[in-house]
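User: Hey, I've just opened this one and don't know my way around yet. Can you walk me through it?

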Amino acid sequence: MDFRSIEVQRWMLAAILAVVVAAKFSEAQLTTDFYDSSCPQAASIVKQKVDAIVDADRGLAAALMRLHFHDCFVRGCDGSVLLNSTDPNILTEKSALLNNNSLRGFEQIDEIKMELECACPGVVSCADILALVARDATVKVGGWSWPVFLGRIDGAGSFADEVNGSLPERTDNFTKLVQTFAKVGLDAKDMIILSGGHSIGQVHCGAFFERLYNFQGQNITDPSMDPEFAEMLKVQCPQTQPFGFMALDATNGTFDSTYYLDLLTNKGLLESDVALLSDPLGVEYAIKAVQDPDTFLFEFGMAMIKMGSIPSVDPYGWRSHCAFTEPKY
Ligand code: HEM
């Protein structure tokens, strides 16, 4: 069997799996052809814009992909992560501790939304834009494509205090990670695969300072960390510079399975990354991802479809600007 027929088979399997996954997890009845008549050019507009954005700044691919994750875990995939606060007494998700000064790409989403509004006013939801952008950004830096199911309805609510407890945290152990993903209907394997999102992007040095400088409050480096790697980190991230940045994996500009190789060679950065190997399921998957990167690239897409189907807790309507709600039409 030649390579192309293997590819075809893989894609047929992808399509079947995608339908099964979507049917099972999408209470919102998302479909791949949702905009086929109302805005047939929607997907190509998004792709063109994402390609241009990532061409100009490759690092933004990670930021754009992450927005969909942070959106879906809080109130479901409803674009709530994009909302600005209009009441000084109510902070929105983007101002929450876990998001503030960390999430990026909001201006780029606004740009894409503007272009879509010019082409098809009042049609494409912000939540759907995030889903398309996540796929296109991943593909642009080496990931495999996946069919994006569309038809999400934007929410109107966004509350900073809902972020804590909804999103996983960098210090979470395996059990806690599994519990947080379970809250939105994702299982341990989804969690392990989606953590592979850390194949691209950057992290603030401060996010792993405890491991580097004060492991378990003992002023030592986490002994489980590769010593040479730890020395390199100390040069890149001196204790005085918690706001410096480090790449999340050794090939952070390319979406691949190197993240899992890093974990297996004791070069994981976050406690939550390292925690994956504390469970046999995580070890087994990391080895599989390294031995067969294509399987990871394929399964990541399937897991993103599943994540993208987390239903909105309070669907509201459509927004002309992703950062603001407007009166219900
Ligand atoms: C498993 C639990 C997870 C935890 C605890 C976690 C935590 C974090 C942390 C602490 C950062 C660095 C933030 C900063 O320093 O500003 C980060 C970055 C990132 N995360 Fe996660 N994350 C998790 C899962 C995921 C998932 C599921 C995805 C995507 C599917 C993802 C995609 C990313 C990306 C792409 C970045 C880099 C963003 C950038 O360069 O702007 N993460 N994550």
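Analyst: Sure. One term before we start: a donor here is an N, O or S atom within 2.8 Å of the metal. Keep in mind too that this is a predicted model.

User: Okay, so which protein donor does the iron atom of the ligand have?

Analyst: Just H198, the only protein donor, which uses NE2 at 2.0 Å from the iron.

User: And where is H198 found?

Analyst: In the loop between α7 (188-194) and β2 (202-204). H198 also has a polar side-chain atom 2.8 Å from a nitrogen atom of the ligand.

User: How many residues surround the ligand?

Analyst: There are 26, and the closest are S102, R104, H198, Q202 and H204.

User: What do Q202 and H204 do there?

Analyst: Both come in through the backbone. A polar backbone atom of Q202 is 2.9 Å from an oxygen atom of the ligand, and a backbone N or O atom of H204 lies 2.7 Å from a ligand oxygen.

User: Switching topic: which residues touch the most other members of the largest nonpolar core?

Analyst: I109, Y260, F296 and F300, out of 77 residues in that core. Helix α13 (residues 293-307) gives the largest share, 9 residues. At least three residues come from each of domain 1 (3-168 + 308-317) and domain 2 (189-302).

User: What does F296 touch?

Analyst: Leaving out residues up to four places away in sequence, F296 touches I193, G196, F255, D256, S257, Y260, Y285 and A289.

User: What about a second core?

Analyst: That one is separate and has 16 residues, including L212, F229, L233 and L270.

Definitions and conventions. Residues numbered from 1 in each chain as written. Predicted model: local features only at pLDDT ≥ 70, side-chain atom pairs only at ≥ 80, totals over all residues. Heavy atoms only, no water. Core = buried A, V, L, I, M, F, W, Y, C linked by side-chain atoms within 4.5 Å. Buried < 20%, exposed > 50% of the residue type's maximum accessible area, 1.4 Å probe, protein only. Helix = DSSP H or I, 4+ residues; strand = E, 2+ residues; numbered from the N terminus. Domains from an automatic or database assignment. Contact = heavy atoms within 4.5 Å. Near = heavy atom within 4 Å. Polar contact = N/O pair within 3.5 Å; in protein donor to acceptor, adjacent residues only side chain to side chain. Donors = N, O, S within 2.8 Å, 3.2 Å for Na, K, Ca; no water.
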